[in-house]
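Welcome! Have the sequence and the 3D view open side by side, and let us walk through this protein together, one topic at a time.

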Amino acid sequence: MGKVDVFQVAFRDAKTTFFPGEVINGTLNLKVNSELKLRGIRLEFHGAANVFLSSGDQRRKRSTNSEVYIDLVATLFGKAPDETGENPVLQPGEYNFPFQFHTPAQNLPTSVEGNFGHVRYWLKASIDRPWRFDITTKSVFTVIEYVDINADEELLRPYQVDEQEGFGCSCIPKVIQVTVQTDRIGYCPGESIAVSAFIRNPTNNRINGVEIILFQNSLYTIKSGKHSRRVADKVSSLKRDETSGNGDLHMEMVPFPIPSLPPTMNSCRCIKISYELKFIVHVASGFSTKKIVSTIPITIGSVPYRSPALPPSLEPSAPPLSPPVYSEDAQPYPVLPSYAECVNGGTAVQEECDTGDMSPSTFTPMYPFVNDYQFPSAPSQHAAAAQALPVSSSKPRIPSDTLN
């Protein structure tokens, strides 16, 4: 761009993912091909959440709600914004300006790029030139909220839910009962949910397989909390056609991998993220198909699972399922695993105010990801009975067309 050939932010060791409290180190690289007169070279450190009324390209949209987490500026060369005196001149050549920023120690919300808003952190460098437009470059990076699933023992216990649906005539309906269980409800991306199910089917209706779906639920709050928009995105699914036929069916310890996703987020006032796993049984009913849906809340963390002590022994209250048993001597995962790009892909990050920008136009958040996860094996029935099973249930639902 004219006198400037290179103007970019380079992170030390190419590290672009940070937890709150970490130090961001790097250099601002500049190459000029002719004499460059300027007031100063500055680097800004920003972090903010923004919500928009519509989805799509956010370049020209105006935020309807926002929250600022970081707003800092440092002068790397030349004069500060309010400093007087002669303007410095850079001769042709290459220049490297080192920088260091400390991220706030409080637990910052995770970087998220959503349909109707984002939580975003970035460094913006600018060359302040007298009587000319500034030359700018921006580098977006990922900040990850510290969500440790191991800190809440409820997230590490098996979870069970019961659903049932009535079929047949209203006087003597027959009920299909579905019991679904997971080994726990707290996971880190890269780990797998162990899903077991027992379907008791005393009817003549055929089971046409089951489907397991993980949903990411996003809540965008607009203007002082008076309005909001909810979005449910299907991020991963799995079909099990072998659970088909008449009579009782049992599905044991099916692995459901967690893709690279942002952790569950409640710390941002503008955007909140939660997850739920839906287990759907497809039942043939006449010329149509009905669904029996079981829903299990899931917490996605940023710290991988570490084997806890076994919970107290309680009697099971459902048909025999086989949740995994974890031992204290199991090898724990490292506190900081590897990282993987968000399964939702990248997004455009240039804004209308980025005149003369020399930075990349897209950004993809990176999230902690567990590689080589060791899926638990099915324990004995005696060991399974020692697990505490949170249970929810519902009464039979009689189809309205059988009431006449």
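A salt bridge is a side-chain nitrogen of Lys or Arg within 4 Å of a carboxyl oxygen of Asp or Glu. Glu67 and Arg269 fit that description, with their closest N and O atoms 3.3 Å apart. Keep in mind that you are looking at a predicted model. Here is a tour, starting with the whole protein and coming back to that pair later.

**The overall picture**
- The protein has 25 strands and 1 helix.
- Of its 404 residues, 50% are buried.
- Among contacts between residues at least 6 apart in sequence, 74% join residues that are at least 24 apart.
- About 19,300 Å² of the protein is exposed, and carbon and sulfur atoms supply 50% of that area.

**The nonpolar core**
- In soluble globular proteins, nonpolar side chains tend to be buried together.
- The largest nonpolar core here has 79 residues, and Leu123, Phe279 and Ile298 touch the most other members.
- Strand β19 (residues 271-285) gives this core its largest share, with 7 residues.
- Which residues does Leu123 touch, if we leave out those up to four places away in sequence? Among them are Val9, Phe11, Ile24, Leu43, Phe45, Phe99, Phe101 and Phe141, and the list also includes Glu44 and Lys138.

**An open sheet of strands**
- An open sheet is formed by 5 strands in the order β14-β20-β19-β16-β17, with mixed pairing.
- The edges of this sheet are β14 (186-187) and β17 (227-245), each pairing on one side only.
- At one of these edges, β14 pairs with strand β20 (residues 288-300) in the parallel sense over 2 bridges.
- To find this pairing in the view, look for Tyr187, whose bridge partner in β20 is Ile300.

**A buried strand**
- Is strand β12 (residues 159-167) mostly buried or exposed? Of its 9 residues, 9 are buried, so the strand is largely enclosed by the rest of the structure.
- In a regular strand the side chains alternate between the two faces of the sheet.
- In β12, Tyr159, Val161, Glu163, Glu165 and Phe167 point one way, while Gln160, Asp162, Gln164 and Gly166 point the other way.
- The partner of β12 is strand β13 (residues 174-182), and the two pair in the antiparallel sense over 9 bridges.
- Within this pairing, Asp162 stands opposite Thr179 of β13.

**Salt bridges**
- Side chains of opposite charge can pair when their charged atoms come close.
- The structure holds 12 salt bridges.
- Back to the opening example: Glu67 and Arg269 form a salt bridge. Glu67 is in strand β6 (residues 65-78) and Arg269 is in the loop between β18 (249-257) and β19, so the pair ties together parts that lie 202 residues apart in sequence.
- Glu67 counts as buried because its relative accessibility is 10%, under the 20% cut-off. Arg269, with a relative accessible area of 62%, is exposed.
- Another salt bridge joins Arg39 to Asp128, with the closest N and O atoms 3.0 Å apart. This pair also links distant parts of the chain: Arg39 is in the loop between β4 (36-37) and β5 (40-51), and Asp128 is in strand β10 (residues 117-128), 89 residues apart.
- Arg39 is partly exposed at 29% relative accessibility, and Asp128 is buried at 13%.
- Arg39 and Asp128 belong to a network of salt bridges that includes Arg42.
- Glu22 and Lys15 form a salt bridge as well, their closest N and O atoms being 3.5 Å apart. Glu22 is partly exposed at 24%, and Lys15 is partly exposed at 30%.

Terms used. Residues are numbered from 1 along each chain as its sequence is written. This is a predicted model: local features need pLDDT of at least 70, side-chain atom pairs count only at pLDDT 80 or more; totals for chains, interfaces and linings use all residues. Side-chain values use heavy atoms; hydrogens and water are left out. A nonpolar core is a set of buried Ala, Val, Leu, Ile, Met, Phe, Trp, Tyr and Cys residues joined through side-chain atoms within 4.5 Å. Buried means under 20% relative accessible area, exposed over 50%, partly exposed in between (1.4 Å probe, protein chains only). Helices (H or I, at least four residues) and strands (E, at least two) are DSSP runs, numbered from the N terminus. Contact means heavy atoms within 4.5 Å. Two strands pair if DSSP finds at least two bridges between them. Accessible areas come from the Shrake-Rupley method with a 1.4 Å probe; for residues, only the protein chains shown count as cover.
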